[in-house]
Amino acid sequence: MAHYEEFFRKADVDKSGFLTIYEVTAILKQNGYKEDKIKAIFCSVDSSGDRKISRDEFLVAMGQCSPKDHKAAQMRSVFQSFDRNGDGTVSASELDAVFRELGTRLTDVEMKRLVAKMDKDRSGPCPPLSWTPSSGSSGPG
């Protein structure tokens, strides 16, 4: 729950103790949640209909999400961090940059093998569905 409390703190930029749909959307999209899920999360706890939710309501809503939804959001968030240019795909050079930041240098052969494993349709840069939980794959590798 501490993770979601941090989401709330970051999203509550005006320090009102409440989040609007816009604030919830901003923080959750940044953390890999899909917009349709975000709206459902928000509406499920905005019982007063005032278009604001409290910290407690936010935590209840996040607790109601399935572990599968949280895992998928986490994977999308990781993908987004790899997708440096924001084009919705991860190229070999973006993947190489991530590995370098982690202190690992892959050879060209290793990189080609990794990209080939992720790029099942051989279309080029890897789209997010090539390794997110919704595709049946738990990740690259």
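**Entry 1: Tyr4**

I began with Tyr4, and in this predicted model I found Tyr4 buried, with a relative accessible area of 15%. The cut-off for buried is under 20%, so Tyr4 at 15% qualifies. I placed Tyr4 in helix α1, which covers residues 2-11. Next I asked which residues Tyr4 touches once those up to four places away in sequence are set aside. My list reads Tyr33, Phe58, Leu59, Met62 and His70. I looked at Met62 again: Tyr4 and Met62 are 58 residues apart along the chain, yet 7.2 Å separates their C-alpha atoms.

**Entry 2: the chain as a whole**

I stepped back to see the layout. I noted seven helices and two strands. Reading from the N terminus, I wrote the order down as α-β-α-α-β-α-α-α-α. The chain has 141 residues, and 38% of them are buried. I also checked how contacts spread along the sequence: of those between residues at least 6 apart, 47% join residues at least 24 apart.

**Entry 3: Arg76**

My next stop was Arg76, in helix α5 (residues 67-82). What does Arg76 touch, leaving out residues up to four places away in sequence? I found Gly32, Tyr33 and Lys34. Tyr33 was already in my notes as a contact of Tyr4.

I then looked for a charged partner. Arg76 is buried but has no salt bridge. The nearest side chain of opposite charge belongs to Asp69, and that is 6.5 Å away. A salt bridge needs nitrogen and oxygen within 4 Å, so the 6.5 Å between Arg76 and Asp69 does not count as one.

**Entry 4: salt bridges**

How many salt bridges does the structure hold? I have nine on record, and I went through some of them.

I looked up Asp69 again, as it does have a partner: the side chains of Lys37 and Asp69 meet in a salt bridge at 3.2 Å, N to O. This pair links distant parts of the chain, with Lys37 in helix α3 (residues 35-45) and Asp69 in helix α5, 32 residues apart. I checked exposure too: Lys37 is partly exposed at 37% relative accessibility, and Asp69 is partly exposed at 23%.

Glu35 pairs with Lys29, and I noted 3.4 Å between the closest N and O atoms. Glu35 is partly exposed, with a relative accessible area of 36%. Lys29 is also partly exposed, at 40%.

I also marked a network of salt bridges that links Glu5, Arg55 and Asp56.

The pair of Asp96 and Arg105 caught my eye next. Their closest N and O atoms are 3.4 Å apart, and they form a salt bridge. Is each partner buried or exposed? I found Asp96 buried at 16% relative accessibility, whereas Arg105 is exposed at 52%.

**Entry 5: helices α6 and α7**

Asp96 led me to the contact of α6 with α7, where Asp96 is one of the α6 residues involved. Helix α6 spans residues 92-101 and helix α7 spans residues 108-118. Their axes come within 11 Å and cross at roughly 120 degrees. I wrote the crossing down as right-handed.

Which residues meet here? From α6 I listed Ala92, Leu95, Asp96 and Phe99, and from α7 Met111, Leu114, Val115 and Met118. Sorted by kind, the residues of this contact come to seven nonpolar, no polar and one charged. Asp counts as charged, so I put Asp96 down as the charged residue in this contact.

**Entry 6: two positive phi values**

Last, I looked up backbone angles. Lys15 is not a glycine, yet its phi is positive, at about 55 degrees. I located Lys15 in the loop between α1 and β1 (18-20). Lys15 is exposed, with a relative accessible area of 63%.

Arg51 is another residue other than glycine with a positive phi, near 65 degrees. Where does Arg51 lie? I found it in the loop between α3 and β2 (52-54). Arg51 is exposed, and I noted a relative accessible area of 59%.

Terms used. Residues numbered from 1 in each chain as written. Predicted model: local features only at pLDDT ≥ 70, side-chain atom pairs only at ≥ 80, totals over all residues. Heavy atoms only, no water. Helix = DSSP H or I, 4+ residues; strand = E, 2+ residues; numbered from the N terminus. Buried < 20%, exposed > 50% of the residue type's maximum accessible area, 1.4 Å probe, protein only. Lys, Arg positive; Asp, Glu negative; His and termini not counted. Contact = heavy atoms within 4.5 Å. Axes fitted to C-alpha atoms, helices over the stretch in contact; angles between N-to-C directions. Left-handed = near helix turned anticlockwise from the far one by under 90°.
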